[in-house]
Amino acid sequence: MAALEENPISDEVLARAIRGDERAIAVIWTAWNPRLLRFFRGRNAAEPDDLAQQVWLEVARKLPAFKGDRDAFRRWIFTLAHRRRIDAGRAQLRRPPTAQQVDSAVDDATGQVDELDWALSLLRQLPDQQATAVSLRILAGMSVPDVAAVMCKRPGAVRALTHRGLRQLQKLVHQQENSDATVTLTPVLSLTSDT
């Protein structure tokens, strides 16, 4: 099965970036940074921009030694993102929220919600493993084997987590009282049977 989102870079652009071509690096950043930010926001990361920046710093350090094609690059970048999110979550549990974080949460609760924010808020209600599997499958457009590699799980476990997560999202959508924002999950449910 083809991923939901086509890989936005070519192998040629990746090869030029590995050799240090600044334009190719800019193309990669432009293509993948929004996807990283969606992943972090969908996983309810406290500072998605900071986490994305940390991922890019690590990519910059390690890119000259990278071996693989554009699909391997996608697995690699989301493996780095997944690890950063886990580390940030652990660090967040160890410290109390700041006044700025509390104010931000109040602003978020009272602000306008667009469809993407609404969908991400539903995703945040899933158990951690389900949300990660769904985020990587849907937001990152990764295949089941790629998600399995990122999460260090078997493909069957990823399929099960994705299936459960999508079913739970479907229930949450039906429970929503706000009928203004609508997200169709039915086409996405077919992902759970693919590899």
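**Around Ile77 and the nonpolar core**

Leaving aside residues up to four places away in sequence, Ile77 touches Trp32, Leu36, Val55, Trp56 and Val59. These contacts belong to a predicted model, and they are a convenient place to start reading it.

Ile77 is also one of the residues that touch the most other members of the largest nonpolar core, together with Ile28, Trp32, Val59, Phe73, Phe78 and Leu136. This core has 38 residues. At least two of its residues come from each of the helices H1 (11–18), H2 (22–42), H3 (48–62), H4 (70–94), H7 (128–139), H8 (144–151) and H9 (155–175). H2 supplies the largest share, eight residues. Another core lies apart from this one and consists of 11 residues, including Leu120, Val134, Leu139 and Leu169.

Trp32, already met as a contact of Ile77, also takes part in the aromatic pairing. The structure holds six aromatic pairs. Through ring pairs, Trp32, Phe39, Phe40 and Phe78 are linked into a cluster. Trp32 has a charged partner as well: the charged end of Arg35 sits over its ring, at 5.3 Å from the centre.

Confidence in the prediction varies along the chain. The average pLDDT of the protein chain is 80, and 76% of the residues score at least 70. Residues 101–110 have a pLDDT below 50, and this stretch makes three contacts in the model beyond near neighbours in sequence. Residues 180–193 likewise stay under 50 in pLDDT; for these residues the model has 23 contacts beyond four places in sequence.

Terms used:
Residues numbered from 1 in each chain as written. Predicted model: local features only at pLDDT ≥ 70, side-chain atom pairs only at ≥ 80, totals over all residues. Heavy atoms only, no water. pLDDT = per-residue confidence, 0-100. Contact = heavy atoms within 4.5 Å. Core = buried A, V, L, I, M, F, W, Y, C linked by side-chain atoms within 4.5 Å. Buried < 20%, exposed > 50% of the residue type's maximum accessible area, 1.4 Å probe, protein only. Helix = DSSP H or I, 4+ residues; strand = E, 2+ residues; numbered from the N terminus. Phe/Tyr/Trp six-rings, centres within 6.5 Å; stacked < 30°, edge-to-face > 60°. Lys NZ or Arg CZ within 6 Å of the ring centre and 35° of its normal.
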